[in-house]
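Colleague: Could we go through this model together? I would like to start with the overall picture and then turn to particulars.

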Amino acid sequence: MGYSVGQVARFAGVTVRTLHHYDKAGLLSPDERSPAGYRRYTDADLARLQQILFYRELGFPLDEIAVILRDPQADALHHLRERQRRLREEIARLERLAEVAEQAIEVQRTGVTLTPEERFEVFGEISFDLSYATEAQLRWQDSAAYREAMTRATGHTKEDWRRLMTEAAAWRAELLAAFDADEPADGERAMDLAEQHRRHLARWFTPCPPDTHRRIADDLAADPRAFALLVPPSQQRPGLAAYVSKAIHANASRHDGSRTDPEEHP
């Protein structure tokens with residue numbers, strides 16, 4: 001008499017809805033029916049379901065499973081080797097993310113400990129998006145400049161951060177005033193503000209030559225998480241990120257070829 005859909009669902013540890021989906025997809029369509037017209041699964045159907053669940057556990061999409069099962073002569077070994085390769089790549093990616101998480105935890109443990117009140121006092125509305133910090137770590141971990149910036153940031157005291165944020169807030173007020181006054185992004189005032197930002201980065205984190213500042217500008221324009229580190233959301237205006245990026249590019253072009261200013265280092 002075979003097995004009902006409910007019995008098979010319990011045997012296999014799947015839902016009835018999943019079995020119906022496999023039926024509609026043509027992966028597992030039992031031919032037998034009860035006198036009342038309900039599906040009845042045979043032992044052969046159960047064996048096929050076991051194969052489907054095996055491939056699903058390995059992450060194969062249903063359409064690829066259908067190809068494998070449709071042709072008894074299909075090269076299942078080829079599919080399995082390809083899936084093995086993808087799984088190893090995914091494992092390697094997850095291991096890199098785990099390493100980054102460990103490093104982030106270490107930075108948190110060795111950084112300046114602030115109470116919630118002190119953190120708000122120093123950073124105000126500026127908050128650090130962990131997903132952005134993780135992506136930046138993965139992208140720039142081989143960069144000497146990035147490593148220097150992180151090392152210096154970790155070494156900042158609470159008073160250093162207070163001075164840094166006070167300086168940034170004063171710069172931000174000037175930026176907003178220039179933007180609200182419709183000063184051109186490639187004008188003298190906006191480029192001077194861009195230069196102040198470049199020197200600020202060099203003073204507190206790492207040398208920032210024009211090409212590096214250009215890459216930062218592109219990131220500010222493309223990623224809201226990056227721009228939120230510069231201007232908190234409550235102070236942002238439509239078009240402000242693009243304005244800052246254009247000013248930085250204009251200033252970088254103005255300073256291309258110039259030597260590093262000795263005042264950039266404290």
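Modeller: The overall make-up comes first, followed by two helix examples and one buried residue.

Modeller: This is a predicted model, in which local features need pLDDT of at least 70 and side-chain atom pairs count only at pLDDT 80 or more, while totals for chains, interfaces and linings use all residues. Residues are numbered from 1 along each chain as its sequence is written, and side-chain values use heavy atoms, with hydrogens and water left out.

Colleague: How many helices and strands are in the chain?

Modeller: The chain has 13 helices and 2 strands. Both are DSSP runs numbered from the N terminus, with helices being H or I of at least four residues and strands E of at least two.

Colleague: What percentage of the residues is buried?

Modeller: Of the 266 residues in the chain, 33% are buried. Buried means under 20% relative accessible area, exposed over 50% and partly exposed in between, with a 1.4 Å probe and protein chains only.

Colleague: Turning to helix 2, which of its residues are buried?

Modeller: In helix 2 (residues 16-24), Leu 19, Tyr 22 and Asp 23 are buried. They fall within an arc of 105 degrees when seen down the helix axis, so they line one face of helix 2. The arc is that of the directions from the helix axis to the C-beta atoms.

Colleague: And which exposed residues does the face turned away carry?

Modeller: That face of helix 2 carries the exposed residues Arg 17 and Lys 24.

Colleague: What do the buried residues of helix 2 pack against?

Modeller: They pack against helix 1 (5-12), strand 2 (39-40), helix 3 (43-57) and helix 4 (62-70). Contact here means heavy atoms within 4.5 Å.

Colleague: What follows helix 2?

Modeller: Gly 26 follows helix 2, and its phi is positive, near 80 degrees.

Colleague: A different topic: at what angle do helix 10 and helix 13 cross?

Modeller: The axes of helix 10 (residues 188-204) and helix 13 (residues 240-255) cross at roughly 85 degrees and come within 8 Å. Helix 10 is therefore roughly perpendicular to helix 13, a term for angles of 65 to 115 degrees.

Colleague: Which residues meet there?

Modeller: Among them are Met 191 and His 197 in helix 10, and Tyr 243 and Arg 254 in helix 13.

Colleague: Lastly, is Asp 160 buried or exposed?

Modeller: Asp 160, in helix 9 (residues 158-180), is buried because its relative accessible area is 18%. Not counting residues up to four places away in sequence, Asp 160 touches Gly 155 and Trp 204.

Notes
Axes fitted to C-alpha atoms, helices over the stretch in contact; angles between N-to-C directions. Parallel < 35°, antiparallel > 145°, perpendicular 65-115°, else oblique.
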